[in-house]
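Biologist: Could you take a close look at one part of this model for me? I'd like to hear how one helix sits against the rest of the chain, with the cut-offs spelled out.

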Amino acid sequence: IEQVQKSLAEKTGEWKDRKVLRVGELEAISKAISILHSDDARDLLKKSFASQAKSASFLQVASSSASLAVRAVDVLKVAAREAHDSRLSMLVVRAAGASAGHFDEVVTAIDTMLEMLQREEDADLAKKERCESDRAADTREAILTSRAMDELSDTITADKAKIEALTKEIEEKTQTIKELNEELKEAKEMR
């Protein structure tokens, strides 16, 4: 039971750590997505297409789009560093390698990671429930075993008391028999 409790405590700690990491990953991914899907990013994209038609300077638009991409990459870098997560690091590499404004691969990778994190969380919750169920069953079994031991201990104590009483009664009867034998002997001598 101690081993199961120790194992459960370890698994609970690991689950809490994974949950904190997962929350950090989700926040970083949400920030990156919000940056990529913000009104500013959409406006820049519209301006980019409009400016190309009007032959405006492409360098300015690329610089602004690049700044959004850099912000998204920076957010992901910070989250990867804080979470010490290789999956987020790989996402940073993909985002940094994506050309300005074309984050389709990164968004797909983020969606895939979100699905994977959800599956991991579901598996962790199922495992936690199994552990708690096992612990409850072990606790019930320990209580039943303890009750059985208490009942057997009470029975042993009662049986010992009976043995002592019977031993004392045998000694008394033996003493009575001795006394009766002596009285009988005296009675025979008197006759």
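Modeller: Here is a walk along helix H1 and its partners, residue by residue.

First, the ground rules. This is a predicted model, so local features need pLDDT of at least 70 and side-chain atom pairs count only at pLDDT 80 or more, while totals for chains, interfaces and linings use all residues. Residues are numbered from 1 along each chain as its sequence is written, and side-chain values use heavy atoms, with hydrogens and water left out.

Now the overall frame. The protein has five helices and zero strands, which gives the pattern α-α-α-α-α along the sequence. Helices here are DSSP runs of H or I with at least four residues, strands are E runs of at least two, and both are numbered from the N terminus. Buried residues make up 19% of the 191 residues; buried means under 20% relative accessible area, exposed means over 50%, and partly exposed lies in between, with a 1.4 Å probe and protein chains only. Of the contacts with a separation of 6 or more, 65% are between residues 24 or more positions apart, a contact being heavy atoms within 4.5 Å.

Let's start with leucine 8, which is found in helix H1. Leucine 8 is buried, at a relative accessible area of 9%. Leaving aside neighbours within four places in sequence, leucine 8 is in contact with Cys131, Glu132 and Arg135. With glutamate 132, the C-alpha separation is 7.9 Å, although the two residues are 124 residues apart along the chain.

Next come the charged pairs. The structure holds five salt bridges, each being a side-chain nitrogen of Lys or Arg within 4 Å of a carboxyl oxygen of Asp or Glu. One of them joins lysine 11 to glutamate 14, at 3.9 Å from N to O. These two are three residues apart in helix H1 (residues 2-36), so about one helical turn separates them. Both ends are partly exposed: lysine 11 has a relative accessible area of 32%, and glutamate 14 has 36%.

Arginine 22 reaches across to another helix. Its side chain meets that of glutamate 120 in a salt bridge at 3.3 Å, N to O. Arginine 22 lies in helix H1 and glutamate 120 in helix H5 (residues 104-190), so this pair ties together parts that are 98 residues apart in sequence. At 6% relative accessibility arginine 22 counts as buried, whereas glutamate 120 is partly exposed at 27%. Arginine 22 also forms a salt bridge with aspartate 124, at 3.5 Å from N to O. That pair again links H5 to H1, this time over 102 residues, and here aspartate 124 and arginine 22 are both buried. Through shared partners, salt bridges join Arg18, Arg22, Glu120 and Asp124 into one network.

A little further along, glutamate 25 is in helix H1 as well. At 2% relative accessibility, glutamate 25 counts as buried. Setting aside neighbours within four places in sequence, glutamate 25 touches Asp85, Arg87, Leu88 and Leu117. Leu88 leads us to the nonpolar side of the story. Outside the residues up to four places away in sequence, leucine 88 touches Glu25, Ile29, Leu76, Ala79, Ala80, Ala83 and Met113.

Nonpolar side chains tend to be buried together in soluble globular proteins. In this model, the largest nonpolar core has 16 residues, and those touching the most other members are Ile29, Leu76, Leu88, Leu91, Val92 and Met113. H1, helix H3 (58-83), helix H4 (86-97) and H5 each supply at least two residues of this core, and H3 gives the most, with five. A nonpolar core is a set of buried Ala, Val, Leu, Ile, Met, Phe, Trp, Tyr and Cys residues joined through side-chain atoms within 4.5 Å.

Finally, there's some open space beside H1. The second largest pocket holds about 190 Å³, and H1 and H3 are the elements that give two or more residues to its lining. H1 gives the most to that lining, with six residues. The lining includes Val20, Leu21, Lys31, Val75 and Glu82. A pocket is an open set of points on a 1 Å grid over the protein atoms alone, where a 1.4 Å probe fits, with protein on both sides within 12 Å along at least five of seven lines; lining residues have an atom within 4 Å of a point. Grid points are joined across faces, edges and corners, and the volume is the space filled by probe spheres set on them.
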